Each structure stands twice: as structure tokens, then as C-alpha cells.
Number of protein chains: 2
Amino acid sequence: MEQKLQILLDTVKKLLRRGAYPNLTKVLSKSHPADIAHLFRYLDLKQQRILFNLIGDREMAASVLAELEHATGAQLLEQLEKERIIEVLQEMPYDDAVDIIRNMPEELAEEVLLTMEDEHSEEIEELLKYGEDTAGGIMATEFFSLREELTVQEAIAALQEAQDVEMVFYLYVTDDHGHLVGVLSLRQLLTVPPATRLQDIMATDVISVRTDMDQEEVAHQVAKYNILAIPVVDEGNKLMGIITVDDVIDVLREEATEDIFKMAGASEEELLYGYKSFKIARLRLPWLITNLFGGVITGYLMWLFKVTLKEVIALISFIPVITGMGGNVGGQSATIVVRGFATGRIDISTMRQVFLKELRVGLIMGTVCGLTIGVIAYGWHHNPYLGLVVGLAMVTAMTVAATMGVLAPTFFKRLGIDPAIASTPFVQTANDITGILIYFGTATLFLSNLR
Amino acid sequence: MEQKLQILLDTVKKLLRRGAYPNLTKVLSKSHPADIAHLFRYLDLKQQRILFNLIGDREMAASVLAELEHATGAQLLEQLEKERIIEVLQEMPYDDAVDIIRNMPEELAEEVLLTMEDEHSEEIEELLKYGEDTAGGIMATEFFSLREELTVQEAIAALQEAQDVEMVFYLYVTDDHGHLVGVLSLRQLLTVPPATRLQDIMATDVISVRTDMDQEEVAHQVAKYNILAIPVVDEGNKLMGIITVDDVIDVLREEATEDIFKMAGASEEELLYGYKSFKIARLRLPWLITNLFGGVITGYLMWLFKVTLKEVIALISFIPVITGMGGNVGGQSATIVVRGFATGRIDISTMRQVFLKELRVGLIMGTVCGLTIGVIAYGWHHNPYLGLVVGLAMVTAMTVAATMGVLAPTFFKRLGIDPAIASTPFVQTANDITGILIYFGTATLFLSNLR
């Protein structure tokens, strides 16, 4: 944590202990909403509630709430009086309010929507219809647009009057029916004669997205074209909202965290539970139990080969390295593919190339590791055939693992399952099993030479 | 790939095969630079060179180059005539040109800098002094700033004349000595009387970063405060450049990819090598070889227990599951910590809490898995002591693994080594070793009951 924030946190904690609420109110009113939201990570729910209630300014309270992760925000709101909840939600941009309401217990959410002023609840219910992870689900509806026949002078006047709209830097231009027909930058307004019509200076090749586009794809579009906001249109090209780059940053970070956690069998919901061990354990356990049974199957296979193993006990020395290396190589390939899908660097059309590449890479690395372990095995147990068996098994196991690392996530993606969650445990168990089969299969084949 | 891009790619490939260069030039001139850059991923270096040389417009060529990953861009430039290299580099924003020059072979870079016009090479050499991953290394120096005593009217006039500056949406205000003293938005200019002085309307609490701040930290600041650009100042608060949000997006994506790859023992340099299997294998091998020796050590420990194992061959059935589960739990904890460091969610001040949480979570999950595997072991080999030994070993191994998953990345971070690269192979090997020791240690203790 930065020093500035550490000092703020220490001050806030001290004042909380002392119950010095007027001082706290003062400290909070001088802090940036993003900083207050950041502090909340280090406080328990009770402290968060006290602090949040001390923020006098409604707009400030709404900003703090918008900066919190939605699930955290929803958790906090549950602790508050109903009037306060509604007061703050009504102050928020609709897209943020929707995200929080989605995360509240259903009953409370319904009650809040019923009690809210109609103009707010209608807008929010409209937005609730869109999928949470789509362009419609994250777009801001308080945008600023102008009609194409306006002059620059009229546009500037409209801009001066506009309030409470999302950051304005692009001006979207619509026709009489609200269809998106053009875009211009604020700066352009300053550089042309006041009587110019917008339709004569606007750019008409507007990059836009559909309300049902997945948020990750939206983020890719914004990142790719280096734009600060992207307009969202319905199937008839009617302008419905805009998504600004700060939301895109949040999407990119969330999606990366989600993928990283999923690949390790953790879950991004963990972040919500903070330090609650039982809840976190419950989130991680299904994945572990799956792998546990995978491990038992591997063990069962080893058990089937117990005669081979009893005859040549030296074989045991290389079980960990064979299964371990298979898992590593498979994990590398799966990671490349999963991240490739996520960043749009790999798609189905290049899958064949990727597969062949990973096959070659696996073969090369398998040969290097197979030679190394073969020499180690020979030197250690003074049996050239053991070296051969271990080396051969390593090459085969690593090559098979590399290809499986490509096939598993691809297969899951085709099925419409998130490749990040599906690939690693699957790849790991599959590699353990094939590794053991290959190793003991080879060993049984050469058994007479190994004795 | 989107359909639009797929069609473009097919067209371009067809025209390349036919050598229909005039048609290609036409197609290229109508495409977005970001789309052209995207196509380059699917083309080999020779095709890239032909295509790049067909882009007639210098500015367009510069934009395409800026959109490519820097290493790819540098690789492409090496293929071109020296005049073309310089022509394009001179057209680029300095920050992009610097990134590419950093990635070129040293000799070529020096030659290019010598041949360039002085005004360009001086600016570039100035930027080359900053670390590649610092605010100074990624900032744009062609920014737009105004003096505090100017009036709004004068500011608008200056804005109308300004060309070739990074996207203008915030106006940074400086004093006579170039120190950053304030900021205002373009929209504010439109809403106050023309004779107002900038110093009377600007906000003075500007969020800025120092030239030597790490780029990842810069990205966190921009993401946290939801701003579109952040000014970069030197130690004396003199305004040196700005970093815009589109660069921040690139930083966040790069850092996430880097972490994900590192944790799996792959490297982000792989992206540069495309499908070159030998180069990729060489990048991944050091990590694999390290783990290979870790596996051999684990195998050696098993070998030490060969008497125990020979006496109770049933023990072998649970080796994969004990080592596997330790690795999984350790990997989960390590991932939480590594990503926590990367997103700023965990820092040294909360380490104790995180450690205790992971310890508790490990213990809970260990107990669940230990009971499960204990029952399986008892049912399978009909020996209650075997169930006890396997179950106990599982609880211990998983709890130890969870704490090690926290300690290893923390330790590496303290040493200044990237926790992402250090933790997974280390954690994995450490867990295999402790898992085996715990398992066979417990088994040897209960040996008389197991027989």
C-alpha cells in the first residue's frame, strides 16, 4: 500500500476505535472516493457500515459504492437502513446501480426496486434484462448524443447545459429515429465555424458494438482500436448506451483474475469472502475432490502393475518425475491456449497450427528431458535398460501431455464450457494416468531386461 | 476472428499469392491500422514485409507499426530498407518509436539513431534513458499543456492550433517553470466566460506519477481513479509527459499475460517466436529441467523408504494422490497470493492475515480430503491402519502445502524476485518432497500395524 493510504488507514482505524465520528466524517469528506473504497478492503463489515453511514454527501457515498466491487457493495448495502440504500442507489449511474442490485439477495432487490422512484426503477429494470456480462449489462445509459442537423454552435450550447452524463469526449450523432450515424470529438467543435452542421464534419464509420456482445469481446474492441468509449446499439442500430474505457479496464482485470483463479481451481468469488475460511474451502473443494479421484485412479493403475513394481523396485524412483513432468508440459500448453483464447491471439482457425507447434515443442522438450533422466537412471541404478525405459517413457509422456494440453481446452471451448476452468484439472489427471500407463507399459515390455 | 477480419485476411492472402500489389495497396488504404496489425499475426515475416511496404501513406504505416507488439515491429523493421525504417520511425510518436528501437538489434538501433534527423533522435535518446517498464519509458512527450495565466479564450485558440499531440481531453496547466500546477477538462472551457483565467477554474489536486514509477503501479493508479490520462512529472514536479489510458490497457494486459505464462513456466517471449518450436522449447526448458531434478529428489526419497514400501506394497496406491493434492492446494494458495500482489489486493501489511487464512483453509480442505481418502483406503485394502495413515498424511501434507503456497511467493517478493516466476515450480517441488516425507514418515511409524 502507498504510504499516503497507509496513514489514512491508520487514522481511520484509530478514530473508529475511539468512536470519534465527527472527526471521521471530516477525514472522509476530504478523501477521494476511490481511496475510501480501497480502505474498505482492510475493514470488517461492521466497520465498513459505520464508515459508510458517516459519509454525509450522497454523491460521495454513491461514488464510494461504485468503486467497491459489486459483490462487496451489495454486502455492505444489506447492512444499511432501507432509506439509505435507496437514497444512495438513486444517486448512482444506472449501470453501477444495476450491478449492485444484481448482487443483492433477491427479496431485498425486489423491495428496493418497488420503493424507488419510478423513473429510477424503470431504467434499472430495463437494464436488468440484459445479461450481466454483455455490452448491455455494462453500458451507461446517461450518455450524450446530438442530432445530425444541429450546428456546431447549437451543439456547444447543448453541451454547456448537459449535466450528469458520462464523461464526454466523443459526441455521438443520431438521426431522427435515434440511429447512430456519426461521431465527432469535442475538439473538432472548437476548430470549425459555428454554423457548420454536425453531419458535415462527423465521421460516419463509427465503431460500435451490439447490446448482446460479450463484455470480454467489447473490451478487446476498445483495446484494439485505442478508443475512449464505444457506443452500444441494438439490432436496428439504435443508440442504447455507451461503454467507457474505465469500465473496459475493470472488465479486462476481472477477466484476467477470473482466468488465473480458475486455472488454479480457485474462484473469483473468494475475493468476496475475504478471510472466511469455511466459505473459501467450500469453493475450492469440488475441484480438489475431482482431482482426488483422479489421483486414486492413477494409484489404482500403479496397483495393477504391482507385480512389475515388486520385481523391479528401482522403477519406483521415477514415478514422481514422470507424472510431474507430464503435468508441467500439459500445463504449459494448456496455459498458452487458454490465454490465447482470452486475448484473441488464438482462435479456432489457427488451432491446427497451434496443435502442431505444441506437438513439436513437446517432442523436443521430451527428448531433452528423456535423455537427461535416462542418463540419471542408468548412473543411479547401473542398469542401461532402466535408463532406456525411463527415457522412452519420458519422451512419450511429455509429447502426449503437450498435445493433450491443446486438445482439452479446445474441446471445452467447442462445448461452450470456459476452457480456463476445464483444462487444468482435466489435463493434470489425464496426464497422470497416461504417464503411469506409458511408464509401466514400457517397463513391463522390457521386464526381462530390467530384472 | 470476426467475420469482417476473416474476409479481409482471405482477400489479402489471395492477392499476395497472385502478386496483385496495386489491389493490395488499395485494400490496405481502406483498412483500419489496428486491423492490418491484427492480420500480421497470421502472416509470415516475408508476407508482412511485402504488405508493409505496400502501405503508401507514411502516417498509416507508422500507425500499423505502433499497433504491432514492439518485438514483432522490431523484427519487421529489420527486414526493411534503412530509409524506410527511418521514414516510418520519424512519423511515430516518440514513445512508440522508443519501444521499437529498444527491441532492435543494438547495431541497427545505433545506426538508425545516427541517421535520423536530430530533433527526433534527441527526443528518442532522452526517452531511452528511462527504464523500459517505468512511467518515463511509456509516457508520450508530445502532450499539450498551458500556462496558468492564460484565459479560456487564449486556451481555445492554442487548442485550435495544436497538432500532432496525444489525444486531448484533459488540459494540464503549468507555472512559468513548467511545474504541473493544475488540470481542467476540455468541457470546462466551454462552460465559463472567455476571459476567465485558467488558474481560477483549474483543479489543483492533480493525480500524477513520477517518471521512475513502475508501469504496473501507474496502471493501478489510472484504473483506480478512473482517469483517462495521468501526467508524468520528474522529482521536481516538472511536467515531462503523459500516459494515456490506451497505453494503460496494454500494460494491464501484458502484465496479466506475463504472470499467467510465468506461473506455468512459459514465457511471454514465446508470443514473439510464433511457431518456431526450437526457440520456444529453449524458453520453457530451464523451468522443466529444474522441476525434473525436483522430481528426482522426490524419487530418491521414495527410494529411501523402499523397505517400508516393499513390506506394504499397498502404500504405493496412494503416492499419486498425496503428492498431487499437495501440489494442487499449494498452487491455489500461491495463485491467490501472486495475483493478490499483482492487483494490489494483498500487500506485506496483510500478509499475516492471508497466511492464517490459507492455513485454516488448508486445514479444512485437508480434513475433508483426508477423511475421504482414509475411507477409500480402508475400503480398498481392508486395513483400518492404512486408512488412518493415508488420511493423516493427507491432512498434514495439504495444510503444509497451503502455508508453503503463501510463504514461497512472499519470500521471493521480499528478495525482489518476481513472485510469479518463482512460486509455482518451487511450491510444486517443495510439496512433492514434503508430501512424500509426511506420507512415508507416517507409514513407517505405523509399520507394525500395516503389515
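No disulfides turn up in this predicted model: the count is zero over all chains. Cysteines can still be looked at one by one, and Cys369 is a handy case. In chain A, A:C369 has a relative accessibility of 0%, so it counts as buried. Over in chain B, B:C369 is also listed at 0% relative accessible area, and that makes it buried.

Zooming out to chain A as a whole, the fold is built from 24 helices and six strands. How spread out is chain A next to a compact globule? Its radius of gyration is 29 Å, while the globule rule gives 22 Å for 451 residues; the value for the chain is well over that, so chain A is more spread out than a compact globule. The dimensions of the C-alpha trace add to this picture, with spans of about 95 × 60 × 40 Å along the principal axes.

Being spread out is one thing, and being covered is another. Of the 451 residues in chain A, 58% are buried. Contacts that link distant parts of the sequence are worth a look too: taking the contacts in chain A between residues at least 6 apart in sequence, 68% join residues at least 24 apart. As for the outside, the accessible surface of chain A adds up to about 18800 Å². Carbon and sulfur atoms account for 54% of that surface. Then there are the charges, 37 positive and 61 negative in chain A. The mean position of the positive set and that of the negative set lie 12 Å apart.

Next, some single residues. A:T298 sits in helix 18 of chain A, which runs over residues 277-304. Is A:T298 buried or exposed? With 0% relative accessibility, below the 20% cut-off, A:T298 counts as buried. What does A:T298 touch, leaving aside residues up to four places away in sequence? Its partners are A:D432, A:I433 and A:I436 from its own chain, plus B:P320 from chain B. A:T429 is 131 residues away from A:T298 along the chain, yet the C-alpha atoms of the two are separated by 8.0 Å.

Backbone angles bring up Asn226. Most residues other than glycine have a negative phi. A:N226 goes the other way: phi is positive, about 50 degrees, although this residue is not a glycine. A:N226 is found in the loop of chain A between helix 15 (215-225) and strand 5 (229-233). In chain B, phi of B:N226 is positive as well, near 50 degrees. The spot for B:N226 is the loop between helix 15 (215-225) and strand 5 (229-233) of chain B.

Two more loop residues of chain B round things off. B:P105 falls in the loop that joins helix 8 (94-102) to helix 9 (106-115). The relative accessible area of B:P105 is 37%, so this proline is partly exposed. Between the C-alpha atoms of B:P105 and B:R339 there are 34 Å, with 234 residues separating the two along the chain.

The other loop residue is B:V206, placed between helix 14 (198-201) and strand 4 (209-210) of chain B. B:T196 is ten residues away from B:V206 in sequence, and their C-alpha atoms are 20 Å apart. Which residues does B:V206 touch, again without those up to four places away in sequence? They are B:L180, B:V181, B:G182 and B:V183, together with B:P231.

Key. Residues are numbered from 1 along each chain as its sequence is written. Chains are lettered from A and ligands numbered from 1 in the order in which they are written. This is a predicted model: local features need pLDDT of at least 70, side-chain atom pairs count only at pLDDT 80 or more; totals for chains, interfaces and linings use all residues. Side-chain values use heavy atoms; hydrogens and water are left out. Helices (H or I, at least four residues) and strands (E, at least two) are DSSP runs, numbered from the N terminus. The radius of gyration is taken over C-alpha atoms; the globule rule is 2.2 Å times the number of residues to the power 0.38. Buried means under 20% relative accessible area, exposed over 50%, partly exposed in between (1.4 Å probe, protein chains only). Contact means heavy atoms within 4.5 Å. Accessible areas come from the Shrake-Rupley method with a 1.4 Å probe; for residues, only the protein chains shown count as cover. Lys and Arg count as positive and Asp and Glu as negative; His and the chain ends are not counted. The place of a charge is taken as NZ of Lys, CZ of Arg, CG of Asp or CD of Glu. A disulfide is a pair of cysteine sulfur atoms within 2.5 Å.
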